[in-house]
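Reader: I'd like to go through the charged pairs in this protein and hear the reasoning behind each label. Can you walk me through it?

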Amino acid sequence: MLRLENIAKTFNPGTPDAKRAIGGLTLHVRKGDFISIIGANGAGKSTLFNAICGSFPVDSGRIVLDGQDVTMQPEHKRAKVIGRLFQDPMRGSAPNMSIEENLVLAAGSGGWLSRASRKERQALRDKLALLDMGLEDRMKQPVGLLSGGQRQALTLMMATLSMPKLLLLDEHTAALDPGTAEKVLNLTTRIVEENCLTCLMITHNMQSALDFGNRTLMMDQGSIVFDTEGDARAALTVDDLLEKFRQASGKKLDNDRMLLTK
Amino acid sequence: MSLSAILGLGQTALELALFNSLTVLALFLSYTMLNVCDLSTDGCYALGAAVGAVVAIAGHPWLSIPAAMAAGMLSGLVTAVLQTRMGVNSLLAGIIVNTGLYSVNIWIMGGSSLLNMNKTETVFTQLKAVLKDTPLAGSYALIIGLIAVAAVILFQSAFLRTKLGLAIRATGDNPDMVRSSSIDPVFTTTVGLCISNSFTALSGCLLAQSQKSTTVDIGSGMVTVALASLLIGNVFLGRKSIPVRAVGAVLGAFVFRLVYTIALRFNLPAFMLKLISSIIVVIAISGPYLRSQWPLIKRRFGKAGA
Ligand SMILES: Nc1ncnc2c1ncn2[C@@H]1O[C@H](COP(=O)(O)OP(=O)(O)OP(=O)(O)O)[C@@H](O)[C@H]1O
Ligand SMILES: [Mg+2]
């Protein structure tokens, strides 16, 4: 499904600010995988997602997505097969446009000069009703009026409307209150399962890293230091995970820096 | 001053407002929707006037309109390519194109900075001939202005609801989201600027033909005047649906013209027009900002006084 072959990315190369954010990372994601990714601040998790999405070209290595070499493809081309959510609920939708207009644009069906038919709009409304947030009755309201949680749920819906093959979630519940975060997280698993999506999810919550998905990666200083799945993963506890981190990175765990919650 | 003279004055003001409201509608697309402040507007307005005049003088009054619009589109394309493909800041791209257009416009006008259309067949003289001896005889300019404005509003209302139109609006609102909807914001910006500049050029073309002459400076200060009108319209109808907001933009042009005409009646010299438009733009943009800052200013002032 997704194959990263020895990719590397250095920011500001050749300057005193040079920062090797990803160094020789190799990863093979199978179709249907739901992978949780954990790691300290600055470990390179978001940079990994940016590389997969094509926000910048990688310095070296190859990215193969769905059987196609996309290493040199611009971001908007890859977006056809990738859905993405950010930590910031504001980033995924256009605030001055209505919920309906956002959904129509995200659904992306039809030619440039086509307009969404009544039937299509009704279908979008029905889909939105599945969120169970009452948003379907506010179709004509600008998205800017929604709360962060509502907006993130809407973005989740939008990201999965066009049936992406790969869903990337970058701490997408971090800005939400615990109740809403749980709701959005459950929604996420439901949508991923219903659509048989392949999904990578960055989280700072060790427990949800173990609870959700079938595989967990730990990143440190731009590489993957721990990769677990199956029975080995099922047997893991949060404390085990912390211990693994200590072993793998070979340094004492600094809780302030890790910012991990049990 | 006789009643008919006042009415005549009112009609001229109305016609001027109609022609210039096409530029306001252009900014409605580029400034309000695409969030690009297109500073090539002045030059593009003069470009439309120059191309329209030259084509009309060559004996093709009706062809002058599509020709002017095509020229505007081309100018918009250059502005767009500069800012999306060549790393030029969007304001600077407009300024550069505007400067370049000064030379281009004189070149189009055959090396002169003034073109006279006194004896030229224009769309206005043609319609005037058609309407001769009908009750509408005196309103030919008004009719052309109304048709053009109505056509542009209808076009925009329909266009901004298409997928491409939505994508253009989203580009101004949240380019990240456009990219993740697998649409290239470079493409949407380019299309948006091409369309908006074609309206600006149409605006200049019609104004020049209606006053039977054009100069290379005909568009000077247009961007501020149009922005002022746009922002005035926004005050009244800013939160409504797109077609209503487009109508609001045109109304803004009328209000602006009205204020200006009244000011002239009070013996304000004509050269003050541009200063007035600048002041209106400042008030319209910084008014809401200052209002939001007001509690802070008051608190600071209160502390200092205590
Ligand atoms: N655009 C950029 N320019 C320069 N340096 C960058 C840029 N983006 C990221 N970095 C650096 O690359 C490193 C990895 O950043 P990244 O955002 O991937 O971390 P992260 O694992 O997502 O952390 P967090 O948990 O805080 O989100 C950091 O040291 C960061 O400073
Ligand atoms: Mg991050």
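Author: Here is a short back-and-forth on salt bridges and burial in this predicted model.

Reader: Why is the contact of A:Lys9 with A:Asp59 called a salt bridge?

Author: The N to O distance is 3.8 Å, and the cut-off is within 4 Å, so the pair qualifies. A:Lys9 sits in strand E1, whereas A:Asp59 is in the loop between helix H1 and strand E4, so the bridge ties together parts 50 residues apart in sequence.

Reader: What makes A:Lys9 buried or exposed?

Author: Its relative accessibility is 12%. Buried means under 20%, so A:Lys9 counts as buried. Its partner A:Asp59 comes out at 45%, which falls between 20% and 50%, so that one is partly exposed.

Reader: How do you know that A:Arg121 and A:Glu100 form a salt bridge?

Author: Their closest N and O atoms are 3.9 Å apart, and that is within 4 Å, so they make the cut. Here helix H4 supplies A:Arg121 and helix H3 supplies A:Glu100, so the link spans 21 residues in sequence.

Reader: And what makes A:Asp137 exposed?

Author: A:Asp137 has 57% relative accessibility, and exposed means over 50%, so the label fits. The side chain of A:Asp137 meets that of A:Arg125 in a salt bridge at 3.0 Å, N to O.

Reader: Which residues are joined into one network by shared partners?

Author: That would be A:Arg30, A:Asp33, A:Arg215, A:Asp227 and A:Glu229. Over all chains, the search finds 15 salt bridges.

Methods
Residues are numbered from 1 along each chain as its sequence is written. Chains are lettered from A and ligands numbered from 1 in the order in which they are written. This is a predicted model: local features need pLDDT of at least 70, side-chain atom pairs count only at pLDDT 80 or more; totals for chains, interfaces and linings use all residues. Side-chain values use heavy atoms; hydrogens and water are left out. Helices (H or I, at least four residues) and strands (E, at least two) are DSSP runs, numbered from the N terminus. Buried means under 20% relative accessible area, exposed over 50%, partly exposed in between (1.4 Å probe, protein chains only).
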